[in-house]
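Welcome! Here are some exercises to work through with the sequence and the model side by side. Try each task before you read its solution.

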Amino acid sequence: MNRQALDELKQQIPLMGYLQAQDWKPTRSLNRGRWMGRCPLHEDHNPSFLVDPHKNLFYCYGCGRGGDVIRFAELYHQVKFSQAVALLHRWRGAEPLLQEAARFYRIQLHRHHEAAAYLYQRGVRSPAPVEHMRIGYAPGGCLRGWLSQLGYSLPDLRQAGLVTSGGYDTYVHRVVFPLEDNLYGRSLSDSAPAHRFLPGGKGGLYSWEQARQYPEVILVEGLFDYAALWQAGFHNVTCSLGTHLNARQLRQLGDGPRTVYLTFDADGNGSGQQAAQCLSRSLRDRGITGRLVSLPAGHDPNSFFVAGGDAQEFQRLVEEASL
Ligand SMILES: [Zn+2]
């Protein structure tokens with residue numbers, strides 16, 4: 001991407017607007033239209049984050065970091081420069097593009113038997129989670145044509161990561177879940193990497209606006225875990241898309257008093273349980289109670305239900321969760 005296109009991007013995305021969209025609030029105004037607030041990049045108790053909306057620059061007196069909106073996106077989402085640019089592009093105007101892609105994938109889900117069969121095998125057996133999660137299917141080889149017909153240019157599709165540099169659909173034979181600012185694709189085939197995101201990171205907690213209403217929240221690591229719990233009637237569930245939570249997800253869990261039931265995979269090497277314990281400690285530092293749900297050995301919440309576990313049994317595990 002050349003210098004001019006980068007400047008254009010920065011002009012189109014006012015830093016202040018972007019910060020506010022990430023829930024940042026200024027706490028006091030300074031002279032020359034500048035603002036101070038708590039730093040979204042580190043644990044900040046006294047406002048040390050300065051924003052100059054006219055220059056479109058920020059600087060934090062606490063962690064010493066500063067720069068423009070691209071630099072902010074890099075630090076905030078913990079991604080590389082090129083990913084931050086892709087993410088901002090999408091945020092600026094490709095939102096309709098991602099929604100269009102998601103809509104196309106949803107139509108495909110009902111046209112491809114292998115997709116329905118895969119969902120069934122993963123325990124997604126009622127229309128409720130498919131509707132709620134807007135699950136779709138990327139057969140591969142037809143998204144580009146569809147979006148081009150709608151008037152999207154090839155550079156736009158490449159920029160959003162939907163099409164590869166060679167011009168092919170990025171997602172092939174994948175079940176697709178729309179996230180707030182990305183699309184997650186789960187491969188049906190063992191020969192491709194199982195998990196994929198478009199460039200720009202996984203974003204915040206899945207469906208957090210819904211889950212945060214509850215004083216007790218169940219946190220799982222995968223979207224098929226989420227789907228299984230949702231289908232079983234647990235609507236106080238959210239998903240971190242992996243056991244490592246990014247800074248935004250941690251802030252979300254800590255945005256109010258609640259108990260979080262950490263329900264990671266009970267894998268043989270204990271890595272899920274280790275991650276849960278570690279997370280529980282960092283939640284405690286934020287004043288949030290984390291409880292560890294122990295699933296039967298070798299199970300994740302998804303396989304627990306696929307193997308015949310029911311809502312009462314799962315509820316019992318939640319009630320028996322340890323501190
Ligand atoms: Zn800072």
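**Exercise 1.** Decide whether arginine 103 is buried, partly exposed or exposed, and find out which residue its side chain meets in a salt bridge.

*Solution.* Keep in mind as you work that this is a predicted model.
- Step 1: The relative accessible area of arginine 103 is 44%. Buried would need under 20% and exposed over 50%, so arginine 103 is partly exposed.
- Step 2: Its salt-bridge partner is glutamate 100, with 2.8 Å from N to O.
- Step 3: Place the two in the fold. Glutamate 100 and arginine 103 are three residues apart in helix 4 (residues 81–109), so about one helical turn separates them.
- Step 4: Check the partner's surroundings. Glutamate 100 has 17% relative accessibility and therefore counts as buried.
- Step 5: Elsewhere, Arg212, Asp255 and Arg258 are joined into one network by salt bridges that share partners.

**Exercise 2.** Find how many salt bridges the whole structure holds, then examine two further helical pairs, starting from arginine 3 and arginine 71.

*Solution.*
- Step 1: A search of the whole structure gives nine salt bridges.
- Step 2: Arginine 3 pairs with aspartate 7, and their closest N and O atoms are 4.0 Å apart. Both sit in helix 1 (residues 3–12), four residues apart, which is about one turn of the helix.
- Step 3: Compare the accessibility classes. Arginine 3 is exposed at 61%, while aspartate 7 is partly exposed at 30%.
- Step 4: Arginine 71 meets glutamate 74 at 3.7 Å, N to O. This pair belongs to helix 3 (residues 69–77), with three residues, or about one turn, between the partners.
- Step 5: Arginine 71 is partly exposed at 33%, whereas glutamate 74 counts as buried at 17%.

**Exercise 3.** Work out which residues hold the zinc ion and what geometry the site has.

*Solution.*
- Step 1: List the protein donors: Cys39 (SG), His42 (ND1), Cys60 (SG) and Cys63 (SG), at 2.1 to 2.3 Å from the zinc ion.
- Step 2: Look at the angles. The four donor atoms make angles of 97 to 125 degrees, and the site is tetrahedral. For that class, all angles must lie between 85 and 135 degrees.
- Step 3: Read the spacing of the donors along the chain: C-x2-H-x17-C-x2-C.
- Step 4: Now ask what two of these donors bring together. Histidine 42 is in the loop between strand 2 (35–37) and strand 3 (49–52), and cysteine 63 is in the loop between strand 4 (57–60) and strand 5 (66–67), so the pair ties together parts 21 residues apart in sequence.
- Step 5: Both count as partly exposed, histidine 42 at 25% relative accessibility and cysteine 63 at 26%.

**Exercise 4.** Find the strands that pair with strand 8 and say how many of its residues are buried.

*Solution.*
- Step 1: Strand 7 (residues 174–178) runs antiparallel to strand 8, and five bridges join them. The two form a hairpin with four residues between them.
- Step 2: Strand 9 (residues 195–197) also pairs with strand 8 in the antiparallel sense, over three bridges.
- Step 3: Follow arginine 186. Its bridge partner in strand 7 is valine 175, and in strand 9 it is histidine 195.
- Step 4: Count the burial. In strand 8 (residues 183–187), five of five residues are buried.
- Step 5: Sort them by face: Leu183, Gly185 and Ser187 lie on one side, Tyr184 and Arg186 on the other, so that both faces are covered.

Conventions
Residues are numbered from 1 along each chain as its sequence is written. This is a predicted model: local features need pLDDT of at least 70, side-chain atom pairs count only at pLDDT 80 or more; totals for chains, interfaces and linings use all residues. Side-chain values use heavy atoms; hydrogens and water are left out. Donors are N, O and S atoms within 2.8 Å of the metal (3.2 Å for Na, K and Ca); water is not among the atoms, so sites may look incomplete. Four donors count as tetrahedral if all angles lie between 85 and 135 degrees; four count as square planar and six as octahedral if opposite donors are over 155 degrees apart and all others between 65 and 115; anything else is irregular. Buried means under 20% relative accessible area, exposed over 50%, partly exposed in between (1.4 Å probe, protein chains only). Two strands pair if DSSP finds at least two bridges between them.
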